[in-house]
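The following note is offered to a colleague who is new to this structure. Its points take up the sheet, the helices beside it and the pockets in turn.

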Amino acid sequence: MLDDLLAGALADAEARRSTRPLREVEAQALARPAAIDAIEALAPAEHVKIIAEVKRASPSRGAMAEIPDPAALAVAYETGRASAISVLTEGRRFGGSLADLEAVRAAVSLPVLRKDFIGDPYQVFEARAAGADLVLLIVAALEQERLASLYSLIRELGMTALVETHSAEEVSRALDVGAELIGVNARDLSTFELDQELFGELAVQIPAGVIRVAESAVKSAADVAHYRAAGADVVLVGEALVTQGDPVGTLQEYLAV
């Protein structure tokens with residue numbers, strides 16, 4: 001499944017490249033104001049921090065929320081004291097777009113993450129051109145040389161990489177490229193099975209000074225508390241925020257753990 005998702009995202013990027021060549025996207029990216037410092041925004045604090053996600057659908061769950069106005073949802077997240085906002089830009093299975101990211105960027109002052117299946121420098125330039133401050137890199141989807149080169153490009157453009165892992169070997173690979181922000185995804189992107197205990201097993205391998213992000217399997221404040229107790233500095237929450245009908249209240253409940 002992960003291979004299929006990456007292949008689809010790369011095919012869609014290639015289609016966009018045919019109408020917006022790299023030189024045009026690169027020029028737009030370089031003309032953007034400096035990216036917001038996501039490391040500062042997500043730095044460990046007394047209480048857990050939340051990355052709140054704009055997410056319409058997923059391959060495991062199907063359609064979750066229409067979200068006709070992603071900017072309005074992002075404003076609610078900012079009101080609820082999220083520390084950053086994640087925007088799904090993959091269109092085939094998640095129903096997202098770069099237009100969603102652009103709308104969110106224009107509406108809030110928080111760091112914004114482009115969450116997609118990134119495997120080509122063109123997508124990184126697209127992210128900065130659309131106003132992203134962070135870009136997701138999934139270790140399992142990338143050979144080490146490509147992971148390192150994309151990580152370096154993200155840094156060169158002033159953004160931060162959220163480097164997502166699913167195993168001890170992948171945490172080691174993330175550290176090898178210098179990752180300052182490491183996510184542990186409880187969802188296996190090959191089988192879509194969930195293992196909430198995986199974060200705690202891998203967090204002990206992430207050294208002090210690297211921000212630890214727990215991803216997936218959050219349905220309640222108890223889940224956030226579970227991740228916090230296991231060492232999470234940040235928890236990324238999507239489904240629970242878009243399906244429970246009160247994103248501000250839900251965020252405030254999660255931040256109180």
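1. Status and strand pairing. The model under review is a predicted one. Within it, strand E7, residues 160-165, runs parallel to strand E8, residues 181-185, and three bridges connect the two. Thr165 has Val184 of E8 as its bridge partner.

2. The barrel. E7 and E8 belong to a set of eight strands that closes into a barrel with parallel pairing. The order of the strands is E1-E4-E5-E6-E7-E8-E9-E10. On average, neighbouring strands of this sheet are turned by 25° against each other, with direction ignored.

3. Helices on the sheet. Helix H5 (residues 98-107) lies across three strands: E1 (49-54), E4 (84-88) and E5 (112-115). The angle between H5 and E5 is about 175°. Helix H12 (residues 247-255) also packs on the sheet, where it touches E1 and strand E10 (234-237); the directions of H12 and E1 make about 155°.

4. The largest pocket. Its volume is about 420 Å³. Of its 26 lining residues, Glu53, Lys55, Lys115, Arg187 and Ser216 are the closest to the centre. Strand E6 (134-138) and E10 each contribute at least two residues to this lining. By class, the lining of the largest pocket holds 12 nonpolar, five polar and nine charged residues.

5. The second largest pocket. This pocket has a volume of about 190 Å³. It is lined by 15 residues, and those closest to its centre are His166, Arg187, Asp188, Leu189 and Ser190. The lining of the second largest pocket comprises six nonpolar, four polar and five charged residues.

Technical notes. Residues numbered from 1 in each chain as written. Predicted model: local features only at pLDDT ≥ 70, side-chain atom pairs only at ≥ 80, totals over all residues. Heavy atoms only, no water. Pairing = 2+ DSSP bridges. Helix = DSSP H or I, 4+ residues; strand = E, 2+ residues; numbered from the N terminus. Axes fitted to C-alpha atoms, helices over the stretch in contact; angles between N-to-C directions. Contact = heavy atoms within 4.5 Å. 1 Å grid on protein atoms, 1.4 Å probe; cavity = no way out; pocket = protein on both sides within 12 Å on 5 of 7 lines; lining within 4 Å. Points joined across faces, edges and corners; volume = space filled by probe spheres on them. Nonpolar A, V, L, I, M, F, W, Y, C, P; charged D, E, K, R; others polar.
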